[in-house]
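Hi,

Here is the structure I promised to pass on to you. Have a look at it first, and then read on for my notes.

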Amino acid sequence: MESKLVVLLLGNGGREHTIAWKLAQSDRVERVFVAPGNGGTAFGLNKVENVNIGVLDFAALTKFAVENNVNFVIPGPEQPLVEGVTSVFQKIGIPVFGPSVKAARMEGSKTFSKDFMKKHNIPTAAYENFTDAAAAREYIRQADFNVVLKASGLAAGKGVLIPETKEEAYQGVDQILVDKVFGDAGNELVVEEFLDGQELSILAFADGYTVVPLPPAQDHKRIFDNDQGPNTGGMGCYCPTPVATPEILADIKRTILQPTIDGMRRDGFPFVGILFTGIMLTSSGPKVLEYNVRFGDPETEVVLPLLSDDTDLAEVMVACTEGRLDSVRVGVKPGFAATVVIASGGYPGAYPTGKEIVLQSTEEDVIVFHAGTTIKEDKKLYTSGGRVLAATGVAKDLRGAVDKAYSGVRSIVFEEMFYRRDIAHRAFKYLAEQSASANQMTYAQAGVSIDAGNLLVQKIKPLVKATRRVGADGEIGGFGGLFDLKAAGFRDPILVSATDGVGTKLKLAHMTGIHDTIGIDVVAMNVNDLIVQGAESLFFLDYYACGKLEVEVAKDVVKGVAEGCLMAGCALVGGETSEMPGLYTPGDYDLAGFAVGAVERNKIIPRMDLIKAGDVLLGLTSSGAHSNGYSLIRKIVEKSNQELHSPCPWDKTQTLGQSLLTPTRIYVKQLLPVVRKDLVKAMAHITGGGFIDNIPRVLPHELGVEVDASAWPFPDVFKWIMATGNVPHREMARTFNCGIGMVLVVNAEDVEEVTALCRAEGEVVYQIGALKTKEENNGEEVVMRNMESSWVV
């Protein structure tokens, strides 16, 4: 039989009253001590009583816990979590529903959390961190977007400024960094892009591995109706918000919540507790505004009342601390909840306290949660804070929930009480718009966003323009790309084309969330096939297909494509972005490319009539597996029981995924000098098929080659592949490049000059073999020597 819980709940706000209210319903909970609590936790709740100890008095709290047989602790506010309350209680053997001090940095330092998001490719606004006011002002001056200013540290939910002009932004920088209006919280400043759209609050249980989000809520931060006036801790909330469709919520879990929990664990600070993520629904998809590491307030007042009757909050919290969240039920009732915060007059500025409160009876499904209240010696209830009470209503529809919440407000009386009268106004506007267009069908309703496509074009235009070269202007947006061969200096050109993709290497990009290098691969696979025919790369087009266009992901992919084009000296003149819901699953995309080059008629290679036995094979080194053999590599990774986010076995400075995603080398600019000097008879790009299948493609049928596998170092990545997968030597030679990405056929007397020219371009060159007659090779096209003795692990 499971032991009864004696809970110590830290805090004194509406959040803590709501948590205590829900815990008291659990059969497993014997008693809830709230430290220090408020007027609501002081009376009226079975099993609940206040303890007059502050949330940061760790010595007194632990002493009380030991003396009163407390066996479970729930910190409500962020400050004790940031200051390490979790480890304080864990050291005396009491489990805590809350993150470690390291994990609490996700709220305690906005600079830390923004850098975390950048590292783990979690969508968020563009940003920079500053400690110098002048540098921050200069960043704002150059920014081509509106900004938000955030004090990096804890500022009780108020450390955010939203300037409307650059002048206001400069003043805000000085207020935070120079005048210290937010105290030490403003020792560091985050300046980030202002995101426009609907804002969501997602509270999610987590045990370090599993994450279970609760229904999405929408807070009302501004003090006055129509979202006017200064920010507050929150003046009201409703849940669930209709703008967050099931598809959007699935995207949020896939692209934000699960990667956050996985990233924190992999970085060494697994998250246990409730992760509160502020999200903006932008035209380019959901983006993180900020993380909090505890229940939100007033979000808690609408989320917990919607938990189903068979969901035991205490059991869920215990399961999180024991790493078994997936073993308990987290259910949600159908319907809606809304809460209206009643504040003291003057809040969020100076406000009076000590005003007597009179609470009248409320109708069914209305709950009044206490925040800034206290009971004095006369046993009466008085105000003691800025946000005083929260009236929550629950109903089958949103209008009913809001009406019930306001009926709760009418049951409250105290002098100078203030509240907003438009809670959920954004939801009602959205629902009205949806109703008006209910009989209309749009492309967006079918899952294709023209707006997202247009936004992507705007984001990639500067990347594309950077690739312009003689013959192409680097502009996109027309119906086709143009290239002027005459301007490029060609006299009697032959056009050469190639098309290719990246294969299942794409799966690694999907799985790791690393999207900014795969575009280099798709360019490399095409332009390397052009140079082997002697062709200079002229222009490139990409094809990007997906189930749902995630603008930032697509932009990163195109960024890689543009970088590859710069390496190859070709222009990115256009492409196709195809959003095909139902054909691809969310998060998946495919990538292919098409390249065109040109070579003067008398410079085309291979030169079959000149290739002869005795010619020498030169090999140029690869950067890794390039873009071939990844179906086998993924099988080997699975067999190894390693995660792609694990440290790389052969390079501890990277993860396994980062190393395997090392982009394919582009050999174009390095080889053009030897091609133009007529020093190369043939070249073979070593792709799928390895040496065995690729070298014969450029040889006369009567000739073969002998390759000496001891002539170059066998890279560590291939040692690991061969050893971990138990891959035979010949299978390695016919699947992978094994360290040589390009093979040149040259006259023996030209070896020295070709080697010198390639090395002058930064290439590492090895003499790896020679041409033989097939008769000398006993009928074999490719004979591999010394594999067994040289390719060892």
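Below are my notes on one sheet with its helices, and on one asparagine. Please keep in mind that this is a predicted model.

Let me start with the sheet. It is open and built from 6 strands, in the order E32-E34-E29-E35-E33-E36, with mixed pairing. Strand E32 (682-685) and strand E36 (782-785) are at the edges; each has a single partner strand, so one side of each has no neighbour in the sheet. From one strand to the next, the twist averages 25°.

At the E32 edge, the pairing with strand E34 (residues 740-746) is antiparallel and runs over 4 bridges. One detail to look up there: Ala684 has Val743 in E34 as its bridge partner.

Two helices go with this sheet. Helix H17 (residues 518-531) packs on it and touches E32 and E34, with a direction at about 165° to that of E32. Helix H25 (residues 751-760) lies across E34 as well, together with strand E29 (616-621) and strand E35 (765-773), and runs at about 10° to E29.

Now to the asparagine. Asn292 belongs to strand E16 (residues 285-292). Is Asn292 buried or exposed? Its relative accessible area is 6%, which is under the 20% cut-off, so Asn292 counts as buried. Leaving aside residues up to four places away in sequence, Asn292 touches Glu107, Ile274, Leu275 and Phe276. Its side chain also makes a polar contact with the side chain of Arg294, at 3.5 Å.

Happy exploring, and best wishes!

Definitions and conventions. Residues numbered from 1 in each chain as written. Predicted model: local features only at pLDDT ≥ 70, side-chain atom pairs only at ≥ 80, totals over all residues. Heavy atoms only, no water. Pairing = 2+ DSSP bridges. Axes fitted to C-alpha atoms, helices over the stretch in contact; angles between N-to-C directions. Contact = heavy atoms within 4.5 Å. Buried < 20%, exposed > 50% of the residue type's maximum accessible area, 1.4 Å probe, protein only. Polar contact = N/O pair within 3.5 Å; in protein donor to acceptor, adjacent residues only side chain to side chain.
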